[in-house]
Amino acid sequence: MKQYIVGPKWDQRVITIDPKGDKIGIAMSGGIDSWVLYNLLPNKDNIIIYTFETPSGVDDVETVYKLTGRDDIIVLPTMPEDPTPVKNGLKVLVREYGLNQLYTGVNQVPHYKYFPEFQEENEPPRPWRIDSDVLITPFLHLYKYHIIWLAKDLGIDLSGTQSCTTQPVGHCGTCWWCREKQWAYDQLK
Ligand SMILES: [Zn+2]
């Protein structure tokens with residue numbers, strides 16, 4: 001078991017990494033959160049990596065290949081008619097692949113009371129609490145700035161990650177995800 005104290009001095013939190021079982025999976029998007037989480041997991045060569053084809057057509061898959069250097073990534077289609085493709089996809093993963101645990105890097109959105117500009121229809125779904133021994137979300141109560149802080153502390157290179165959902169390479173600077181990333185860096189100033 002490994003624990004990390006993460007975040008700037010005004011908001012430090014504890015995360016625990018403690019995989020249980022032989023078949024450990026991680027859902028990766030090519031963004032910062034899942035890439036940092038992947039780096040924290042032990043026995044990385046045995047970790048099973050999943051990624052989803054995004055409905056927007058932005059290719060995360062190539063980014064995950066490049067980041068991890070792995071050629072055995074399982075790519076799952078997302079169905080446009082499925083209102084919560086990622087959520088349902090995660091359930092399918094555990095059931096069909098017999099995973100002991102599935103990790104995701106899901107975390108909190110910027111707090112609306114203080115940052116109302118992030119309250120939008122197309123914000124990513126991020127739950128408040130997940131009580132599961134199978135779906136493991138060590139970053140659930142972190143904000144993006146904690147994860148960036150941790151990457152810096154551990155020397156994890158974020159330059160190959162892709163957060164923007166409107167373009168496959170580079171960052172537009174105006175979509176929800178680009179603005180969240182900039183917000184996180186601003187918090188660390
Ligand atoms: Zn963008």
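User: Before anything else, what counts as a nonpolar core here?
Analyst: A nonpolar core is a set of buried Ala, Val, Leu, Ile, Met, Phe, Trp, Tyr and Cys residues joined through C-beta atoms within 7 Å. The model is a predicted one.

User: OK. Which residues in the largest nonpolar core touch the most other members?
Analyst: That core has 32 residues, and Ile26, Met28, Val36, Leu37, Leu102 and Ile147 touch the most other members.

User: Which elements give two or more residues to this core?
Analyst: They are β3 (24-27), α1 (32-40), β4, α2, α3 (85-97), β6 (101-103) and α4 (144-154). The largest share comes from α1, with 6 residues.

User: Is there a general tendency behind that sort of grouping, and what is it?
Analyst: In soluble globular proteins, nonpolar side chains tend to be buried together.

User: Stay on α1. How many of its residues are buried?
Analyst: 8 of its 9 residues are buried, so to speak of α1 as mostly covered is fair. The buried ones are Ile32, Asp33, Ser34, Trp35, Val36, Leu37, Tyr38 and Leu40.

User: What covers them?
Analyst: The cover includes β2 (13-17), β3, α2, β6 and α4.

User: How do α1 and α4 pack, angle and axes?
Analyst: The angle is about 40° and the axes are 10 Å apart. Angles under 35 degrees would count as roughly parallel and 65 to 115 as roughly perpendicular, so α1 and α4 are oblique to each other. The crossing of α1 past α4 is left-handed.

User: Which residues make the contact?
Analyst: On the α1 side, Ile32, Asp33, Val36 and Asn39; on the α4 side, Ile147, Ile148, Leu150, Ala151 and Leu154.

User: Val36 keeps coming up. What does Val36 touch, not counting residues up to four places away in sequence?
Analyst: Gly105, Ile147, Leu150, Ala151 and Ile156.

User: Switching to Leu41. Where is that?
Analyst: Leu41 lies in the loop between α1 and β4.

User: Buried or exposed?
Analyst: Neither; Leu41 is partly exposed, because 16 other C-beta atoms lie within 10 Å, while 20 or more would make a residue buried and 12 or fewer exposed.

User: What does Leu41 touch, leaving out residues up to four places away in sequence?
Analyst: Ile17, Pro19, Ile24, Ile26, Ile47 and Tyr103. Taking Pro19, the two residues are 22 apart in sequence, with their C-alpha atoms 7.8 Å apart.

User: How much of the chain's contact set is between residues 24 or more positions apart?
Analyst: Such pairs account for 63% of the contacts with a separation of 6 or more. On burial, 31% of the 189 residues are buried.

User: Now the overall layout. How many helices and strands?
Analyst: The chain has 5 helices and 7 strands. From the N terminus, the order is β-β-β-α-β-α-β-α-β-β-α-α.

User: And the sheet, what is the strand order?
Analyst: 5 strands make an open sheet ordered β5-β4-β3-β6-β7, with parallel pairing. The edges are β5 (74-76) and β7 (135-136); each has a single partner strand, so one side of each has no neighbour in the sheet.

User: How many bridges between β4 and β5?
Analyst: Strand β4 (residues 48-52) pairs with β5 over 3 bridges, in the parallel sense. Phe52 has Leu76 of β5 as its bridge partner.

User: Which helix packs there, touching β4 and β5?
Analyst: Helix α2 (residues 60-68) does, and its direction makes about 155° with that of β4.

Key
Residues are numbered from 1 along each chain as its sequence is written. This is a predicted model: local features need pLDDT of at least 70, side-chain atom pairs count only at pLDDT 80 or more; totals for chains, interfaces and linings use all residues. Two strands pair if DSSP finds at least two bridges between them. Helices (H or I, at least four residues) and strands (E, at least two) are DSSP runs, numbered from the N terminus. Two residues are in contact if their C-beta atoms, placed from the backbone, lie within 7 Å. Axes are lines fitted to C-alpha atoms, for helices over the stretch in contact, and angles run from 0 to 180 degrees between N-to-C directions. Angles under 35 degrees count as roughly parallel, over 145 as roughly antiparallel, 65 to 115 as roughly perpendicular and the rest as oblique. A crossing is left-handed if the near helix is turned anticlockwise from the far one by less than a right angle, and right-handed if clockwise.
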